[in-house]
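Take a moment with the sequence and the fold before reading on. The paragraphs below walk through them step by step.

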Amino acid sequence: MKIEQNGKTLYHIQSVTDWHDEPYDLFVWAKDEKEITDNLKDLYKNDYENIDADNTEINDLIDNSNIYMVYAETAKGDKNA
């Protein structure tokens, strides 16, 4: 089931770049994927403290971004489910 709260859905944004050792992961609440794509630059700037001033790194992150809707299921044997 997709994860929803207060009319918004949880999304996972992942970007894999050559200059970053690990995939860059960000989880955000949004009403739809368009809201994320429209605000992707600001999301990265807000989350990444040392992002470059000339936007080269931000543009690279954006160009290599994939956006996924988050789904979750309860594991079998979970007595609290």
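What follows goes from the core to the helices and then to single residues.

Keep in mind that this is a predicted model. Start inside. The largest nonpolar core has 14 residues. Five of them have the most contacts inside this core: Tyr 11, Ile 13, Val 28, Ile 36 and Tyr 44. Four elements each supply at least two core residues. They are the strands β2 (8-15) and β3 (24-30) and the helices α1 (33-47) and α2 (56-63). The largest share comes from β3, with four residues. A general tendency fits here: in soluble globular proteins, nonpolar side chains tend to be buried together.

Now pick out Ile 13. Residues up to four places away in sequence are not counted here. Ile 13 then touches Tyr 24, Asp 25, Leu 26 and Val 28. It also touches Ile 36, Leu 40, Leu 43 and Tyr 44. Ser 65, Asn 66 and Ile 67 complete the list for Ile 13.

Turn to the two helices. The axes of α1 and α2 come within 10 Å. They cross at roughly 120°. Angles of 65 to 115 degrees count as roughly perpendicular, and those over 145 as roughly antiparallel. The angle between α1 and α2 fits neither class, so the two helices are oblique to each other. Their crossing is right-handed. From α1, the contact is made by Leu 40, Lys 41, Tyr 44 and Lys 45. From α2, it is made by Ile 58, Leu 61 and Ile 62.

Next comes the loop between α1 and α2, where Asn 55 lies. Is Asn 55 buried or exposed? Its relative accessible area is 17%. Buried means under 20%, so Asn 55 is buried. Asn 55 touches Lys 41 and Lys 45, not counting residues up to four places away in sequence. Asn 55 and Lys 41 are 14 residues apart in sequence. Their C-alpha atoms are 9.1 Å apart in space.

Go back to α1 for Asp 47, which is found in this helix. Asp 47 has 39% relative accessibility, so it counts as partly exposed. Leaving aside neighbours within four places in sequence, Asp 47 is in contact with Tyr 24 and Leu 26. Met 69 is 22 residues from Asp 47 along the chain. The C-alpha atoms of Asp 47 and Met 69 are separated by 19 Å.

Two more loop residues remain. Thr 17 is found in the loop between β2 and β3. With a relative accessible area of 8%, under the 20% limit, Thr 17 is therefore buried. The side chain of Thr 17 makes a polar contact with the side chain of Trp 19, at 3.4 Å. Beyond its neighbours within four places in sequence, Thr 17 is in contact with Asp 60, Leu 61 and Asn 64.

Finally, look at Asn 6, in the loop between β1 (4-5) and β2. Asn 6 has 74% relative accessibility. Exposed means over 50%, so Asn 6 counts as exposed. What is the phi of Asn 6? Phi is positive here, about 50°, although Asn 6 is not a glycine.

Definitions and conventions:
Residues are numbered from 1 along each chain as its sequence is written. This is a predicted model: local features need pLDDT of at least 70, side-chain atom pairs count only at pLDDT 80 or more; totals for chains, interfaces and linings use all residues. Side-chain values use heavy atoms; hydrogens and water are left out. A nonpolar core is a set of buried Ala, Val, Leu, Ile, Met, Phe, Trp, Tyr and Cys residues joined through side-chain atoms within 4.5 Å. Buried means under 20% relative accessible area, exposed over 50%, partly exposed in between (1.4 Å probe, protein chains only). Contact means heavy atoms within 4.5 Å. A polar contact is a pair of N or O atoms within 3.5 Å; within protein, one must be able to donate a hydrogen and the other to accept it, and residues adjacent in sequence count only if both atoms are side-chain atoms. Axes are lines fitted to C-alpha atoms, for helices over the stretch in contact, and angles run from 0 to 180 degrees between N-to-C directions. Angles under 35 degrees count as roughly parallel, over 145 as roughly antiparallel, 65 to 115 as roughly perpendicular and the rest as oblique. A crossing is left-handed if the near helix is turned anticlockwise from the far one by less than a right angle, and right-handed if clockwise.
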